[in-house]
Amino acid sequence: MTTFDFSGLTPDLILDAIESTGIRVESGLLALNSYENRVYQFLAEDKKRYVVKFYRPQRWNQLQIQEEHDFAAELAAHEVPIVAPLTISEQSLHMYHGYFFAVFPSAGGRQFEADNLEQLEWMGRFIGRMHGISQSSRFKHRPSINIESHLLIPANELTQSTLIPADLHHPFFTILEQVVELTKKRYSDSTHIRLHGDCHAGNILWRDGPTFVDLDDCRSGPAIQDLWMMLSGDKQQQFIQLDTLVEAYEEFCDFDRSQLNLIEPLRAMRMVHYMAWLSKRWNDPAFPQAFPWFAEGRYWEQQILALKEQFSALQEPALEL
């Protein structure tokens, strides 16, 4: 397998891969909302619904994916509600014709409501429980969130992109450079723990409480990374939300309030990293289809405004509790 995409992942190969684990597929495959990987739901002969996830080639190596699975299993063993991969024939990670894949139980639920304080309180408790467990060990193979990987390299990748309209190069790269430089100054090293890494509303199912899904971006980093993406609205709303989260979080795990200074730098890093990610994946046919606006001048005009707003936010005092 030498390509960085899914050009060889045909329906027949998917079905053959699933059945190589001993699971017999009865229904067709329903593609689920995933772009980095390929994820499908299906009904098996045992009348249970499953989800199969094929990992993007060359993104994570075998040890890194297995560490994701081991982390999920560890959390599940401590009764943290998370959708962990199934262990089949004593292994959770499988390979078929060069593709790594895993099978999960299908979990239903509605989307987490970020503006619902009662749900935020639940989330604070469960993130606190997750972090209490995650602090007991360290990742050996998963990378960390840092300035190099999440800011400098993505910013450089954007300079190579052909998708940014030429007439917007000067204003875009001027404000991007300002955001990068200020983020470097504002971001400081902090204690790193094992994280969910991408803990936003889209990765949480709600059914009588939250269930975490998709540890694909788990990595080491500051604890605040798993909390700040819960925040929305203006500064007062974010203060109330953060206060609710942290109070519940501290029922299970101590929280270092000095990490509040990292919220806006982490937000800036996510903005830059996201733009570079879309640009890097543009040759994958799924991306132009799912994100057609990314190649439009209007999108980049909006990003110039968003970066200016983030530059201002980086200059403001951090939230305090």
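How many disulfides does a search of the whole structure find?

1. Zero. The search covered the whole structure. Note that this is a predicted model.

2. Take Cys 218. Its closest cysteine sulfur belongs to Cys 199. The two sulfurs lie 12 Å apart, which is too far for a bond. A disulfide would need the pair within 2.5 Å. Cys 218 is also buried, at a relative accessible area of 0%.

3. Cys 253 gives a similar picture. This cysteine is in no disulfide. Again the nearest cysteine sulfur is that of Cys 199, here 14 Å away. Cys 253 is buried as well, with a relative accessible area of 6%. The cut-off for buried is under 20%, so Cys 253 falls inside it.

4. Next, the second largest pocket. Its volume is about 250 Å³. The lining comprises 16 residues. Nearest the pocket centre are Lys 235, Gln 238, Glu 264, Ala 313 and Glu 316.

5. Which elements give two or more residues to the lining of this pocket? They are α7 (235-249), α8 (263-280) and α10 (297-315). The largest share comes from α8, with three residues.

6. What is the chemical make-up of that lining? Six of the residues are nonpolar and six are charged. The other four are polar. Both kinds of charge-bearing side chain named at the centre, Lys and Glu, count as charged, and Lys 235, Glu 264 and Glu 316 are among the residues nearest the centre. Ala 313, also listed there, belongs to a residue type counted as nonpolar.

Terms used:
Residues are numbered from 1 along each chain as its sequence is written. This is a predicted model: local features need pLDDT of at least 70, side-chain atom pairs count only at pLDDT 80 or more; totals for chains, interfaces and linings use all residues. Side-chain values use heavy atoms; hydrogens and water are left out. On a 1 Å grid over the protein atoms alone, a cavity is a set of points where a 1.4 Å probe fits but cannot get out, and a pocket is an open set with protein on both sides within 12 Å along at least five of seven lines; lining residues have an atom within 4 Å of a point. Grid points are joined across faces, edges and corners, and a volume is the space filled by probe spheres set on the points. Helices (H or I, at least four residues) and strands (E, at least two) are DSSP runs, numbered from the N terminus. Buried means under 20% relative accessible area, exposed over 50%, partly exposed in between (1.4 Å probe, protein chains only).
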